[in-house]
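This report introduces a structure to a reader who has not met it before. The sequence and the coordinates come first, and the description follows.

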Amino acid sequence: MSAHTLLAESGCHINHDCAFPAPGLNSFDFKPIFSIGSFDFTKPMLLAIICVVLVVGFFWAAFNKPKLVPGKLQLVGEIGYNFVARSIAREVIGKKGDKYVPFLTSIFFFVWIMNVMSIIPFAQFPANSKFAFPVALAALVFITYMYLTFKTHGFRGGVKNLVWIEGLPKFLVPLIVLLEFIQNVITRPFTLAVRLWANMFAGHLLIVLFSVASWYLLTPSFLSAVAGGSFVLAAGMTAFELLIQFLQAYIFTLLASIYISGALEEGH
Amino acid sequence: MLFLAEGAQNPLIPGGAELVVGLLCFFIVFGLLGKKLLPNIQKTLEERHDAIEGGLERAAEAQAEANRTLEQYKAQLAEARHEAARITEQAREQGAQIIAEMREEGQRQREAIIAAGHAQIEADRRQVTATLRQEVGRIATDLAGKLVGESLEDHARQSRTIDRFLEGLEGSAAETGAAR
């Protein structure tokens, strides 16, 4: 249940002598739908599962029995698949990237559809604004990155690939090694997760804020103009979010392929 | 207020249950897409690529094959021509050689025949000369005997006389020849 449903339930309105219920972290906490022991099944989990069903269902319908001359659904699926295979994997990693296209495609569509849930009526929540989901995906990308680094270069070569830059003056070596280590091993997975989370978090917060405000301020007075403004902004933000959702899924996948590419490359 | 009751918590601490659900969800997506559906479509895309560009590639291949055969044929033809020319040349050389040999043989035979003729003529001449000399000597002796009345039967003297006479004859004949 998101903040505005809570708001509708609590009936909080400016005429009801009620303070503006500014959305905050509470907008991201949900009462469990059901609980099994200490395990609480919440709305983000439900949304993630719905996204699994949607993504798998779509690709199943499109690709289960592919035809040489594609139907409409298969054509749409192919456009999506080719977008990841050509514009991301081939572009960034090259021919060697073909092996990782299924991984990258899964990431892209799973993330994107989870993001899109932010503006779907009744769902209206991006699961990626719960930090655990981006963390899970970023962890998988990071594990893949590390695995490929050490598999391609061996232990010594892998470590060198992560922290070493050729042709540095001697006195800079310790500093650069430290910086490279922090960048590649700590910052990369952290920023990968946080970038996606923060974008979805902020986007959701803005939409909720303007939605709540347009209801809260809706009175037969001059405030209705402000409420209308808020509503326009909420609608605008929704459209804008549609772009951000796609962009963040794209960036997440792009960065994943950049890391894979870095792991496969000789030196750097 | 509900959100105050719930309390603010650090949003950067991932919930364990959500982490597990998120991982499981992704594994389901990746498992079905990565193991079945995407390889499916990749295969179809390759087949389509093969059907469209494969036709062109095959045509180009056939063209190349035809060109190769043509080249081969041309090369064989050139070789055959070369061979024919070589054989003709060889035959011509052999013919010329045979003619030369025949000519040489003819020449040799001709010379042999001429030489044999010369030898025969020389032998005949010698014989005739000897016969004539004897005959002339005898006639002259007979004549001289008749004229002088004395027999010149002493053979040695007879012989010398005859020789002197003949030499005188030959000498005069030579002088006459030289004068002419």
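## Annotated spans

Over residues 100-125 of chain A the chain is 62% helix and 0% strand, with end C-alpha atoms 29 Å apart. The structure is a predicted model, and this span is one of those that an unreviewed UniProt entry annotates as "transmembrane region" in chain A. The others named in that entry are residues 45-63, 131-150, 196-217 and 246-264. For chain B, the annotation "transmembrane region", also from an unreviewed entry, covers residues 12-33. The table sets out three of these spans.

| Span | Helix | Strand | Distance between end C-alpha atoms |
|---|---|---|---|
| Chain A, residues 45-63 | 100% | 0% | 26 Å |
| Chain A, residues 100-125 | 62% | 0% | 29 Å |
| Chain B, residues 12-33 | 82% | 0% | 30 Å |

## The two chains

Chain A contains seven helices and two strands. Read from the N terminus, its elements follow the order α-β-β-α-α-α-α-α-α, so that one helix precedes the two strands under the DSSP assignment. Of its 268 residues, 41% count as buried. Among the contacts in chain A with a separation of 6 or more, 64% join residues 24 or more positions apart.

Chain B has three helices and zero strands, and its elements run α-α-α from the N terminus. Buried residues account for 6% of the 180 residues in this chain.

## The nonpolar cores

The largest nonpolar core holds 63 residues, and the members that touch the most others are A:A48, A:C51, A:L104, A:F110, A:V111 and A:M114. Two or more residues of this core come from each of α2 (43-63), α3 (72-92), α4 (101-116), α5 (132-163), α6 (173-216) and α7 (223-264) of chain A, and likewise from α2 (16-148) of chain B. The greatest contribution is that of α4(A), with eleven residues.

What does A:M114 touch, leaving aside residues up to four places away in sequence? Its partners are A:L47, A:A48, A:C51, A:P126, A:A127, A:N128 and A:F133. Two of these, A:A48 and A:C51, are also listed among the core members that touch the most others.

Apart from the largest core lies another, of ten residues, which include A:V212, A:A213, A:L217 and A:M237.

## Where the chains meet

The contact between the chains involves 31 residues of chain B and 39 residues of chain A. On the side of chain B that touches chain A, the elements giving two or more residues are α1 (2-6) and α2 of chain B. Of these, α2(B) gives the most, with 22 residues. By class, this side of chain B comprises 21 nonpolar, six polar and four charged residues.

## Confidence

The model scores ipTM 0.88 and pTM 0.69. Chain B has an average pLDDT of 85, and 88% of its residues score at least 70. Which elements of chain B have the lowest and the highest mean pLDDT? The lowest belongs to α1(B), at 41, and the highest to α2(B), at 91. Over residues 1-7 of chain B, pLDDT stays under 50, and the model has six contacts beyond four places in sequence for this stretch. Where pLDDT is low, predicted coordinates should not be read in detail. The helix α1(B) is nevertheless listed among the elements on the side of chain B that touches chain A.

Technical notes. Residues are numbered from 1 along each chain as its sequence is written. Chains are lettered from A and ligands numbered from 1 in the order in which they are written. This is a predicted model: local features need pLDDT of at least 70, side-chain atom pairs count only at pLDDT 80 or more; totals for chains, interfaces and linings use all residues. A nonpolar core is a set of buried Ala, Val, Leu, Ile, Met, Phe, Trp, Tyr and Cys residues joined through C-beta atoms within 7 Å. A residue is buried if 20 or more other C-beta atoms lie within 10 Å of its own, exposed if 12 or fewer, and partly exposed in between; C-beta atoms are placed from the backbone. Helices (H or I, at least four residues) and strands (E, at least two) are DSSP runs, numbered from the N terminus. Two residues are in contact if their C-beta atoms, placed from the backbone, lie within 7 Å. UniProt positions are given in the numbering used here, feature names are shortened, and annotations may be inferred rather than shown by experiment. Ala, Val, Leu, Ile, Met, Phe, Trp, Tyr, Cys and Pro count as nonpolar, Asp, Glu, Lys and Arg as charged, and the others, Gly among them, as polar. pLDDT is the predictor's confidence in each residue, from 0 to 100.
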